[in-house]
Amino acid sequence: MKNNRTFTMIKPDAIQNGYAGLILAEIEKAGFKIVAMKMRQLSTEAAKEFYQIHKERPFFNDLINYMTSGPIVAAILEKENAVLDFRALIGNTNPEEAEEGTIRKMYAKSIDANAIHGSDSDENAAIEAAFHFDNDEII
Ligand code: GTP
Ligand code: MG
């Protein structure tokens, strides 16, 4: 995948709260172009695989239960400096510590239901995008 791309998921709490469209609008307003997008319900198996890096963390089971509690929207986004700019747009993992104007500050309630995911490196963006999309699903 090109270095000007990142991967995101709008998480189940945000979908259930009716924020999917508002969050996508923030993403587009910030200059990201959507180059792939789908809604899907993650199976427990898929969620465990996606978050395997956290499998030893104490919150792993809570994370899997939450991420499978309803559908997510997965997307690939394009912009110069995509990974870092998108992490800035979504804000701190804990919405209580997220800056004003960030997506987590506006649309997340807690660290365990924090509305949105953003890849933390170009390498992980490519891995995570490939987890959710085939090549022919990406513009
Ligand atoms: P992502 O963009 O979702 O990867 O978040 P992040 O990179 O800001 O945080 P990290 O990768 O460290 O954690 C992944 C996800 O695990 C977070 O987004 C939270 O949903 C969840 N998480 C992190 N810390 C905690 C915690 O202390 N308790 C619970 N329940 N969940 C946590
Ligand atoms: Mg992370």
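**Note on helix H7 and the sheet**

1. In this predicted model, the buried residues of H7 are Ala 125, Glu 128, Ala 129 and His 132. Buried means under 20% relative accessible area, exposed over 50%, and partly exposed in between (1.4 Å probe, protein chains only). These buried residues sit on the same side of H7, because they cover an arc of only 100 degrees around the axis. The arc is that of the directions from the helix axis to the C-beta atoms.

2. The opposite face, turned away from the buried side of H7, carries the exposed residues Glu 123 and Ala 130.

3. Cover for the buried residues of H7 includes E1, E2, helix H3 (44–50), E3, H5 and E4. Contact means heavy atoms within 4.5 Å. Helices (H or I, at least four residues) and strands (E, at least two) are DSSP runs, numbered from the N terminus.

4. The four strands form an open sheet, order E2-E3-E1-E4, with antiparallel pairing. Its edge strands are E2 (33–40) and E4 (116–118). Twist averages 15 degrees from one strand to the next. Two strands pair if DSSP finds at least two bridges between them.

5. E1 (residues 5–10) pairs with E4 over three bridges, antiparallel. Met 9 has His 117 in E4 as its bridge partner.

6. Helix H5 (residues 82–90) packs on the sheet and touches E1, E3 (72–78) and E4. The direction of H5 makes about 155 degrees with that of E4. H7 (residues 122–132) lies across E1, E2, E3 and E4, at about 55 degrees to E1. Axes are lines fitted to C-alpha atoms, for helices over the stretch in contact; angles run from 0 to 180 degrees between N-to-C directions.

7. Local features need pLDDT of at least 70, and side-chain atom pairs count only at pLDDT 80 or more, while totals for chains, interfaces and linings use all residues. Residues are numbered from 1 along each chain as its sequence is written, chains are lettered from A and ligands numbered from 1 in the order in which they are written, and side-chain values use heavy atoms, leaving out hydrogens and water.
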